[in-house]
Amino acid sequence: MQGKLMKAAASAALVAGTVFGAGGSAFAQDAVIHAGHLLAKPGEGYKTKQTITVKDGKIVSVEAGYKKAPRGVEVIDLRDAYVMPGMIDSHVHITSETSPTGRIEMFENTDVDSAFKGAGFAYKTLLAGFTTVQDVGGSNEAVFGLRDAIEAGQVPGPRMRAAGRAVAVTGGHGDINGYSPVVMAMFTGSNICNGADDCRRAVRQQIKEGADVIKITATGGVLSNTRAGLEQQFTNDELSAIVEAAHSMGRQVTAHAHGKGGIDSALRAGVDSIEHGSYTDEETIELFKEYDATLVPTVLAGATVTGWVNEPWLPAASREKAAIVGPHMIDMLRMAHAGGVNVAFGTDTGVSRHGQNAEELPLMVDAGFTPEEALRSATVIASEHVEMDEQIGTIETGKYADIIAVEGDPLKDINEMLDVDFVMKGGTVYKGGN
């Protein structure tokens with residue numbers, strides 16, 4: 001990209017560029033940003049000709065007009081750009097990416113391999129304008145290790161809230177399926193549970209090992225290699241025990257759920273959010289509102305698996321489920337949006353390719369969201385969903401300087417978000433143009 005954002009790229013190393021020392025840490029420096037069009041809080045429209053002052057990785061002021069920078073502090077010139085908070089993806093799998101070789105790589109790769117791959121995927125995600133993600137499924141050691149390394153500034157990536165392994169029932173979505181009994185026995189983890197007491201144990205074990213949030217697989221899923229359907233897999237007693245155990249230890253519960261019965265039962269048990277929600281109907285919408293729960297729709301995942309229904313590398317059981325679920329998801333989101341369900345942006349990236357997370361936004365617009373509603377879902381609402389709204393999600397004094405910019409107006413064309421031109425996370429510039 002030419003013009004002002006290219007100038008921002010040239011000054012980034014001096015102003016707030018990524019500087020890696022002997023320990024691999026990135027250092028944020030002070031900066032003044034001149035923003036031509038500032039969407040400080042999506043949902044409230046633009047402010048024009050604004051100055052954002054950044055110090056020690058946080059926003060210290062947002063003022064009208066283009067203010068002069070203090071001596072020694074360079075200006076990042078985004079006067080020709082559309083500036084907004086960094087986006088938040090509430091559903092990723094940062095250490096993996098579905099591919100024809102994925103099933104065999106499970107046995108070839110160690111957790112260290114997965115963490116290193118995840119570091120590459122995390123960097124792609126950051127450069128796409130996503131400064132925070134919630135990871136809801138992967139090896140505990142790989143995911144938690146990567147989360148902690150990013151937090152320590154040892155590798156570049158979005159800040160992460162992570163679930164680690166999903167709590168699941170024996171033979172259900174989230175367990176290992178489709179291999180020989182000997183192999184499956186070797187790879188069955190402590191996240192697999194049966195009965196209310198055992199599910200309490202599994203939740204507590206995940207928290208002990210580092211989970212920020214508890215992910216459960218309340219129903220069958222598309223990519224598990226088993227013909228176990230798409231409906232409820234935990235009993236109601238198990239669901240209640242999971243929620244009780246998690247909430248008592250300060251953790252939210254988010255439930256993968258496709259089938260209506262599983263969605264409704266999870267909501268009645270008190271889960272905080274539903275991932276996918278494919279067979280949501282009018283009754284389910286009322287339950288979302290009654291229990292103040294959030295939907296993370298992942299329509300991009302539906303579109304992705306729909307494209308795989310004839311791929312021979314995908315197991316037959318998964319192809320059958322993909323053909324049923326994939327095309328249904330955008331209609332579900334249209335109904336949920338019209339019904340007033342609280343929707344937090346999430347993609348299930350790792351099914352789709354990392355760095356392409358923003359492709360969910362035009363799908364949301366196709367489902368009836370305005371561009372600004374879609375961006376609000378990816379910032380304000382998602383920050384509340386991941387319990388970080390006091391730190392991120394808007395450009396306001398006291399919050400992290402997570403700031404992105406694009407050349408064109410995304411409120412007129414949401415596809416502008418598919419090519420983010422400027423990325424700052426915590427005061428450090430990672431991308432200043434293309």
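Helices and strands here are DSSP runs, numbered from the N terminus. With that in hand, we can place T397, which lies in the loop between α14 (371-385) and β15 (403-406). The model you are looking at is predicted, so please read each feature below as a property of that model. T397 is exposed, because its relative accessible area is 54% and the exposed class begins over 50%. If you would like a sense of scale, find T170 as well: T397 and T170 are 227 residues apart in sequence, and their C-alpha atoms are 48 Å apart in space.

Let's now go to the strands that come early in the numbering. Strand β1 (residues 31-38) pairs with strand β2 (residues 47-55) in the antiparallel sense, over 7 bridges. One place to see this pairing is L38, whose bridge partner in β2 is K47. Strand β2 is also joined to strand β3 (residues 58-64), again running antiparallel, by 6 bridges. Here you can look for T51, which has E63 in β3 as its bridge partner. The hairpin of β2 and β3 has 2 residues between the strands, and in this hairpin D56 takes a positive phi near 55 degrees. As you follow these strands, it helps to recall that side chains in a regular strand alternate between the two faces of the sheet.

Two charged side chains are worth a stop as well. K58 places its charged end over the ring of Y400, 5.2 Å from the ring centre. R79 does likewise with Y66: its charged end sits over that ring, 5.9 Å from the centre.

A parallel sheet comes next. It is open and has 5 strands, in the order β10-β11-β12-β13-β14. Its edge strands are β10 (214-217) and β14 (342-343), each of which pairs on one side only. At the β14 end, the pairing with β13 (residues 294-296) is parallel and runs over 2 bridges. L295 shows you where to look, since its bridge partner in β14 is V343.

From the sheets we can turn to the surface. Residues I104, M106, F107, V182, M186 and F187 make a nonpolar surface patch of about 580 Å². Which helices supply at least two residues each to the nonpolar patch? They are α2 (102-108) and α5 (181-187). Among the patch residues, F187 belongs to helix α5 and is partly exposed, with a relative accessibility of 37%. F107 is also partly exposed, at 31%. Both values satisfy the patch rule, because it asks for over 30% relative accessible area.

F107 and F187 lead us on to the aromatic rings, for together with Y179 they form one aromatic cluster. The structure holds 5 aromatic pairs. In the pair of F107 and Y179, the ring centres are 4.9 Å apart and the planes stand at 85 degrees, so the pair is edge-to-face. F107 lies in helix α2, while Y179 is in the loop between β8 (168-169) and α5, so this pair ties together parts that are 72 residues apart in sequence.

Helix α2 also takes part in a charged contact. There are 21 salt bridges in the count, and one of them joins K117 to E105, with the closest N and O atoms 3.5 Å apart. This pair links distant parts of the chain, with K117 in helix α3 (residues 111-127) and E105 in helix α2, 12 residues apart. K117 is partly exposed at 36% relative accessibility, and E105 is partly exposed at 24%.

Another salt bridge brings together the side chains of R147 and D148, at 2.9 Å from N to O. Is R147 buried or exposed? R147 counts as buried because its relative accessibility is 12%, and buried means under 20%. Its partner D148 is partly exposed, at 43%.

Our last stop is helix α12 (residues 329-338), where D331 and R334 are 3 residues apart, about one turn of the helix. Their salt bridge has its closest N and O atoms 2.7 Å apart. D331 is partly exposed, with a relative accessible area of 41%, and R334 is partly exposed at 34%. Elsewhere in the salt-bridge picture, K260, D264, R268, D281 and E283 are joined into one network by salt bridges that share partners.

Notes
Residues are numbered from 1 along each chain as its sequence is written. This is a predicted model: local features need pLDDT of at least 70, side-chain atom pairs count only at pLDDT 80 or more; totals for chains, interfaces and linings use all residues. Side-chain values use heavy atoms; hydrogens and water are left out. Patches are made of residues with over 30% relative accessible area and no salt bridge: like charges are joined within 9 Å, nonpolar side chains (Val, Leu, Ile, Met, Phe, Trp, Tyr) within 5 Å. Accessible areas come from the Shrake-Rupley method with a 1.4 Å probe; for residues, only the protein chains shown count as cover. A salt bridge is a side-chain nitrogen of Lys or Arg within 4 Å of a carboxyl oxygen of Asp or Glu. Helices (H or I, at least four residues) and strands (E, at least two) are DSSP runs, numbered from the N terminus. Buried means under 20% relative accessible area, exposed over 50%, partly exposed in between (1.4 Å probe, protein chains only). Rings of Phe, Tyr and Trp (its six-membered ring) pair if their centres lie within 6.5 Å; planes under 30 degrees apart count as stacked, over 60 as edge-to-face and the rest as tilted. A charge sits over a ring if NZ of Lys or CZ of Arg is within 6 Å of the ring centre and within 35 degrees of the ring normal. Two strands pair if DSSP finds at least two bridges between them.
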